[in-house]
Amino acid sequence: MLKLDGVDTYYGPIHILQKLELEVGSGELVCLLGGNASGKSTTLKTVLGIVKPRSGSVEFDGEDVTGRPTSYRIGKGMAIVPENRRLFAPMSVRENLEMGAYLHGGGTKEDWDRVYTLFPLLHERRAQLAGTLSGGEQQMVAMGRALMSRPKLLLMDEPSMGLAPILVEKNFEIIQQVHESGVAILVVEQNANVSLAIADRGYVLQTGRVVLSGPAAELLRHEDLRKAYLGR
Amino acid sequence: MLLAIWVFYAVYFSPTQGWTFFLQLTVDGIILGSIYALIALGYSMVYGILKLLNFAHGDVAMIGAFIGFGVLTLLGGPLSPAIPVVALVACMFVVAMLGSGFLGLAIERFAYRPLRDAPRIAPLISALGVAFFLENSVLLLFGANYRNYDGYDLISYNGIHLGGSAGVFVSYLGVMVITGALLLMVGLVALVRWTRFGKAMRAVSFDREAAAMMGIDPDRVIATTFFVGSALGGAAGVMFGLVYSQIYYLVGFLAGLKGFTAAVVGGIGSIPGAMLGGLLVGLVESWAKGYLNGNVADLVVFGILIGVMLIRPQGLLGTPALQKV
Ligand SMILES: Nc1ncnc2c1ncn2[C@@H]1O[C@H](COP(=O)(O)OP(=O)(O)OP(=O)(O)O)[C@@H](O)[C@H]1O
Ligand SMILES: [Mg+2]
């Protein structure tokens with residue numbers, strides 16, 4: 001579904017991603033772990049084409065999309081729940097969801113039904129301005145917005161940041177539900193415990209390099225990772 | 001509030017006329033204000049999406065006025081129009097709006113887009129450069145002379161008398177300007193509120209990168225915004241020509257400055273703000289011309305700009321820099 005091959009990404013002169021190799025199979029749930037500033041968000045932005053790699057390639061759904069603009073990739077089936085959610089605060093919940101389906105004519109009835117069934121609260125709050133929602137509600141909008149485009153690959157950047165533990169759990173339930181419906185997912189998390197528990201595979205990033213990767217169950221048992229992330 | 005006191009004072013102690021004179025000035029102010037509001041919208045839309053003060057906007061309106069003049073001349077001129085007047089005026093507006101719109105597109109593409117990531121002073125300088133470029137191009141092509149629009153000859157010297165022949169007079173031309181501006185504004189509001197482009201425009205204005213993450217192409221949305229804003233400016237230019245009956249290469253300067261003032265007073269970036277600001281500037285200018293004199297009118301207008309900025313820096317309907325979530 002997604003394959004990064006030898007990707008080098010720079011911000012100006014600063015070399016961020018270094019020879020990054022990463023793969024997400026179709027229908028797979030892959031977790032990307034790493035400390036602050038290790039390049040997790042940059043990886044997702046490179047996948048989307050928000051930043052362009054200086055070398056290496058991004059392959060998506062059997063096609064090399066390295067030179068393609070973001071809109072093309074979204075149209076082809078990527079969607080993202082960005083870091084800090086990035087909702088359009090002065091727009092209503094409904095309009096935010098609509099933006100998610102921007103390239104799909106604003107969403108079919110099915111899309112709306114699916115999202116509103118997953119998050120009945122959003123239907124209730126559809127006229128409310130997104131900026132006035134609580135953090136948990138905003139997370140639902142961000143998730144719903146990404147799902148409005150019927151993605152084949154869902155990218156998520158720290159979806160549980162700033163949520164109460166109970167909501168984090170709820171959030172992961174929904175992620176799993178989406179996963180089970182056949183969507184491939186690449187999720188960035190600081191919370192290794194919870195994310196590895198539902199993931200198929202994982203990567204650990206350190207200063208822009210993959211330092212560890214493998215099946216989730218293996219990573220959970222890995223000594224270094226446990227020391228670094230799980231605190232035990 | 002101060003404005004209200006001043007208006008009351010002016011009316012009450014006016015040596016000559018009473019309320020009729022005041023209402024006449026008000027009507028004239030609304031006509032003028034409609035034009036300023038259309039110009040202000042262009043400033044505000046562009047500022048909203050790029051945080052750029054497009055100082056070339058007044059001159060885009062001026063070009064619109066000249067395009068309208070060109071159409072008028074080609075189709076026989078104000079005294080012997082080759083086609084029915086209604087069709088002629090419609091042609092002037094359509095061609096001027098398209099012309100100004102495409103000019104706006106070109107300006108964005110060649111003068112602003114290359115500087116998108118430059119320090120904010122750079123596009124501002126570029127804007128001033130474009131303004132001078134447009135003014136001097138017209139100076140070169142048409143000379144410094146006034147060109148006669150003769151809007152009243154073209155449309156009609158007649159109008160509506162409210163309250164008898166000694167009452168308030170609204171020319172048909174004035175009625176047309178107000179109605180036209182109103183229609184354009186209603187259209188714009190509908191466009192921004194309900195259409196796919198309007199929503200994308202609001203999304204890009206608020207957070208360009210997040211909009212891109214939704215598959216919106218910010219460059220296209222920004223370009224379209226320039227087109228729409230500039231087209232409104234072009235319409236304002238034609239209205240200006242019709243109402244003042246003549247134009248020359250610098251009409252965009254002062255009209256642009258007034259439109260800019262209107263946008264800032266109303267709250268730059270806010271569409272209803274631009275409309276309200278335009279109306280206020282038009283009214284104040286008209287009242288000041290009537291009760292004081294023409295020379296101090298601009299002084300009062302810009303004095304009000306400074307006053308509003310001191311009391312309410314974000315403008316009347318502006319929101320103080322909304323935090324991104
Ligand atoms: N637009 C930018 N311009 C310059 N440097 C940037 C930019 N965005 C990110 N960086 C730098 O790139 C590095 C990696 O950033 P990135 O956001 O990918 O980290 P991250 O792993 O997502 O961190 P966090 O867990 O804090 O979100 C950081 O050192 C950051 O300062
Ligand atoms: Mg990050």
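A37(A) sits out in the open in this predicted model: with a relative accessibility of 79%, it counts as exposed. Its place is the loop between β3 and α1 of chain A. The backbone there does something a little odd, as A37(A) has a positive phi of about 65 degrees despite not being a glycine. A backbone N or O atom of A37(A) also comes to 2.9 Å from an oxygen atom of ligand 1.

S38(A) belongs to that loop too, between β3 (29-34) and α1 of chain A, but its surroundings are another story. S38(A) has a relative accessible area of 5%, so it counts as buried, the limit being under 20%. Once neighbours within four places in sequence are set aside, S38(A) is in contact with L205(A), Q206(A), T207(A) and G208(A).

Back to ligand 1. Its shell holds 13 residues, and N36(A), K40(A), S41(A), T42(A) and E83(A) come nearest. Sorted by class, the shell has seven polar, three charged and three nonpolar residues. Helix α1 of chain A (residues 40-48) supplies the largest share, three residues. Two side chains also make polar contacts with the ligand. For K40(A), a side-chain N or O atom is 2.6 Å from an oxygen atom of ligand 1. For Q190(A), the corresponding distance from a side-chain N or O atom to an oxygen atom of the ligand is 3.0 Å. On its own, ligand 1 exposes 640 Å², of which the protein buries 61%.

Next comes the metal. The magnesium ion (ligand 2) takes its protein donors from S41(A), through OG, and from E83(A), through OE listed twice, at 1.9 to 2.7 Å. S41(A) is part of helix α1, whereas E83(A) lies in the loop between β6 (78-81) and α3 (93-100) of chain A, so the pair ties together parts that are 42 residues apart in sequence. The two residues differ in how they are covered: S41(A) is buried at 17% relative accessible area, while E83(A), at 28%, counts as partly exposed. Both S41(A) and E83(A) are also among the residues that come nearest to ligand 1.

Chain B has a positive phi to report as well. D150(B), again not a glycine, has a phi of about 50 degrees. This residue lies in the loop between β1 (147-148) and α6 (151-154) of chain B. D150(B) has a relative accessible area of 23%, so it is classed as partly exposed.

Notes:
Residues are numbered from 1 along each chain as its sequence is written. Chains are lettered from A and ligands numbered from 1 in the order in which they are written. This is a predicted model: local features need pLDDT of at least 70, side-chain atom pairs count only at pLDDT 80 or more; totals for chains, interfaces and linings use all residues. Side-chain values use heavy atoms; hydrogens and water are left out. A residue is near a molecule or strand if one of its heavy atoms lies within 4 Å of it. A polar contact is a pair of N or O atoms within 3.5 Å; within protein, one must be able to donate a hydrogen and the other to accept it, and residues adjacent in sequence count only if both atoms are side-chain atoms. Accessible areas come from the Shrake-Rupley method with a 1.4 Å probe; for residues, only the protein chains shown count as cover. Helices (H or I, at least four residues) and strands (E, at least two) are DSSP runs, numbered from the N terminus. Ala, Val, Leu, Ile, Met, Phe, Trp, Tyr, Cys and Pro count as nonpolar, Asp, Glu, Lys and Arg as charged, and the others, Gly among them, as polar. Donors are N, O and S atoms within 2.8 Å of the metal (3.2 Å for Na, K and Ca); water is not among the atoms, so sites may look incomplete. Buried means under 20% relative accessible area, exposed over 50%, partly exposed in between (1.4 Å probe, protein chains only). Contact means heavy atoms within 4.5 Å.
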